[in-house]
Amino acid sequence: MKKAVIISAVRTPVGRYMGALKEIPAYDLGALVLNEVVKRAGVDPDQVDEVILGQSYQSGEYVNIARMSLLKAGWPDSIPGITFDRRCCSGLDVICFAAMEVQCGYSDIVVAGELKV
């Protein structure tokens, strides 16, 4: 079984309800994070096998935030993206799911995290 490791971490600015970030689309925040995390890790987006993002309380206009964020970031459209919505458990679940993909040999590089918007 392969070993899964976390090699980079990035977060968006922390906003407050109805604060300065309220007009920024979640896809834009996701794209910023995706591009920064691969930059810090020294990985090219072409090397990423999958993007897995969690988002609690998705609203109707934000369908599959992972897929839309990676496309907004300019990543190849061949990279799949999946979004988990498990409320408070989403962040931990995406990390576990990404680790399982690596451990099972399904993926080598997975970008995983949670967007709270």
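Strands are DSSP runs of E of at least two residues, numbered from the N terminus. In this predicted model, Thr-83 lies in strand β2. Thr-83 has a relative accessibility of 17% and is therefore classed as buried, the cut-off being under 20%. Its side chain makes polar contacts with two backbone nitrogens: that of Ile-65, at 3.0 Å, and that of Ala-66, at 3.0 Å.

Both Ile-65 and Ala-66 are buried residues of helix α2, as are Ser-69 and Leu-70. These residues lie on the same side of α2, because the arc they cover around the axis is only 125 degrees. An α-helix has 3.6 residues a turn, so residues three or four places apart point the same way. The cover over the buried residues of α2 includes α1, β1, β2 and β3. Just after α2, Gly-74 adopts a positive phi of about 85 degrees.

The largest nonpolar core comprises 18 residues. Within this core, the residues with the most contacts are Val-38, Val-48, Val-51, Trp-75 and Val-111. Two or more core residues come from each of α1 (26–41), β1 (50–55), α2 (65–72) and β3 (110–115). The largest contribution is that of α1, which supplies six residues. When residues up to four places away in sequence are not counted, Trp-75 is in contact with Leu-34, Asn-35, Val-38, Pro-45, Val-48, Val-51, Leu-70 and Val-111. Leu-70, one of these contacts of Trp-75, is also among the buried residues of α2. A second core, separate from the largest one, has six residues, among them Phe-84, Val-94, Val-102 and Val-110.

Phe-84 also takes part in aromatic pairing. One aromatic pair is counted in the model. The pair consists of Phe-84 and Phe-97 in an edge-to-face arrangement, with 5.0 Å from centre to centre and 75 degrees between the planes. The two residues are 13 positions apart and link distant parts of the chain, with Phe-84 in strand β2 (residues 81–84) and Phe-97 in helix α3 (residues 90–103). Phe-84 counts as buried because its relative accessibility is 15%, whereas Phe-97, at 29%, counts as partly exposed. Since a nonpolar core is a set of buried residues, the partly exposed Phe-97 is therefore not eligible for one.

Technical notes
Residues are numbered from 1 along each chain as its sequence is written. This is a predicted model: local features need pLDDT of at least 70, side-chain atom pairs count only at pLDDT 80 or more; totals for chains, interfaces and linings use all residues. Side-chain values use heavy atoms; hydrogens and water are left out. Rings of Phe, Tyr and Trp (its six-membered ring) pair if their centres lie within 6.5 Å; planes under 30 degrees apart count as stacked, over 60 as edge-to-face and the rest as tilted. Helices (H or I, at least four residues) and strands (E, at least two) are DSSP runs, numbered from the N terminus. Buried means under 20% relative accessible area, exposed over 50%, partly exposed in between (1.4 Å probe, protein chains only). A nonpolar core is a set of buried Ala, Val, Leu, Ile, Met, Phe, Trp, Tyr and Cys residues joined through side-chain atoms within 4.5 Å. Contact means heavy atoms within 4.5 Å. A polar contact is a pair of N or O atoms within 3.5 Å; within protein, one must be able to donate a hydrogen and the other to accept it, and residues adjacent in sequence count only if both atoms are side-chain atoms. The arc is that of the directions from the helix axis to the C-beta atoms.
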